[in-house]
Amino acid sequence: MAKESSQRAETEAAARVHRVVVIVDENSNPFELSCAIEIFGLRRPEIGRELYDFRLCSPEPRTLMRDGFFTLTGVAGLEAAEAADTLIVPNRPDVEVPRRPAVLDAIRRAHARGARLLGFCSGAFTLAEAGILDGRRATAHWQWADEFRARFPSVRLEADVLFVDDGDILTAAGSAAALDLGLHVVRRDHGAEVANSVSRRLVFAAHRDGGQRQFVERPMPDVPDESLAPVLAWAQERLDAPLTVADLAVRAAVSPATLHRRFQAQMGTTPLAWLTGERLALACRLIERGESRFEVVARRSGLGTAANLRTLMRRETGITPSAYRRRFGTE
């Protein structure tokens, strides 16, 4: 009888949808709140299942959002944070104002019981103020980097990246990087195929690596024919071919040095890093779709060998191809 009860409990736990809770506090930023709702809160009929159980909570019945744009009412109280599997902490522009003790206590309790914590933009200040970032890696918006380092010298701030995944604590830099981090979390939880589906609905880049630079020098090129879009589309159709940076430069009719400058200016990364990331994303999709022969996955994604696939996948996802197949592959 005890064995049946244990098995039933395990089945129920497996069936329960991962719960994401966002704490909204006074002067919180509406944009990052909207990012959380778009990534974790919307129903996904195109996927055919619920990805997350999503809810908002606040320490007060009425919460005045940033600059008084609107007042949020009708959400759960702060006790909802106690049931979060993933807790997204408040971010706001007045980083010098201390967070509410009740909010910081809720974050500490969530961390102590093993919940995953996310901080968007200035949310890193909230996590650091709660005392759970000491000795940990994190990022924050570049304009607050100096202030963050001065106030929290024990935190290993990486100021020039889009987001940092430090296991159970993840932080995103600027506002739009919240979308990058959110899609990264979906990819970590549900695989590349589901993350791509969510990104398509957002009409947003499916994958920008966390190590890319926060500041893109020229997001809108001054000269239309300098756009990288044509060469990116061309390369994405030929990922299984032995493409090199030189090949991309020839296709773009520029020198490799010029291509490198344009990638850094428009995308915040290098051509080789982009190409490797696209190939790895394709490899993940092939595994999810049922391809079990890793040498075939490596060849079809342009990664060459199964050994190279294993090295890159472990570096980028933290798990081996075999573990990825067990987690996200078809039955």
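Student: What makes the largest nonpolar core a core, and which of its 35 residues touch the most other members?
Tutor: A nonpolar core is a set of buried Ala, Val, Leu, Ile, Met, Phe, Trp, Tyr and Cys residues joined through side-chain atoms within 4.5 Å. Buried means under 20% relative accessible area, exposed over 50%, partly exposed in between (1.4 Å probe, protein chains only). The members touching the most others are Ile-23, Leu-87, Ile-107, Leu-117, Leu-127, Leu-133 and Phe-148. Keep in mind that this is a predicted model: local features need pLDDT of at least 70, side-chain atom pairs count only at pLDDT 80 or more, and totals for chains, interfaces and linings use all residues. Residues are numbered from 1 along each chain as its sequence is written, and side-chain values use heavy atoms, leaving out hydrogens and water.

Student: Which element gives the most to this core?
Tutor: That's H3, with 5 residues. Helices (H or I, at least four residues) and strands (E, at least two) are DSSP runs, numbered from the N terminus.

Student: What does Leu-133 touch, not counting residues up to four places away in sequence?
Tutor: With contact meaning heavy atoms within 4.5 Å, Leu-133 touches Ala-124, Leu-127, Ala-128, Ala-138, Phe-148, Ser-154, Val-155 and Ile-169.

Student: Why is Pro-98 called exposed?
Tutor: Its relative accessible area is 57%, and the cut-off is over 50%, so the label fits. Pro-98 sits in the loop between strand S6 (86-88) and helix H3 (101-112). Leaving aside neighbours within four places in sequence, Pro-98 is in contact with Arg-92 and Glu-129.

Student: Why is H11 described as largely enclosed by the rest of the structure?
Tutor: Because 14 of its 18 residues are buried. As for its length, helix H11 (residues 271-288) reaches 26 Å from its first C-alpha to its last, close to the expected 26 Å (1.5 Å times one less than its number of residues). After H11 comes Gly-290, with a positive phi near 115°.

Student: How many cavities of 30 Å³ or more turn up, and what makes a space a cavity?
Tutor: The whole structure has 2. On a 1 Å grid over the protein atoms alone, a cavity is a set of points where a 1.4 Å probe fits but cannot get out. The largest holds about 80 Å³ of space, counted as the space filled by probe spheres set on the points, which are joined across faces, edges and corners. Its lining has 13 residues (an atom within 4 Å of a point), and Val-22, Glu-32, Leu-33, Val-89 and Asn-91 are the closest to its centre.

Notes. On a 1 Å grid over the protein atoms alone, a cavity is a set of points where a 1.4 Å probe fits but cannot get out, and a pocket is an open set with protein on both sides within 12 Å along at least five of seven lines; lining residues have an atom within 4 Å of a point.
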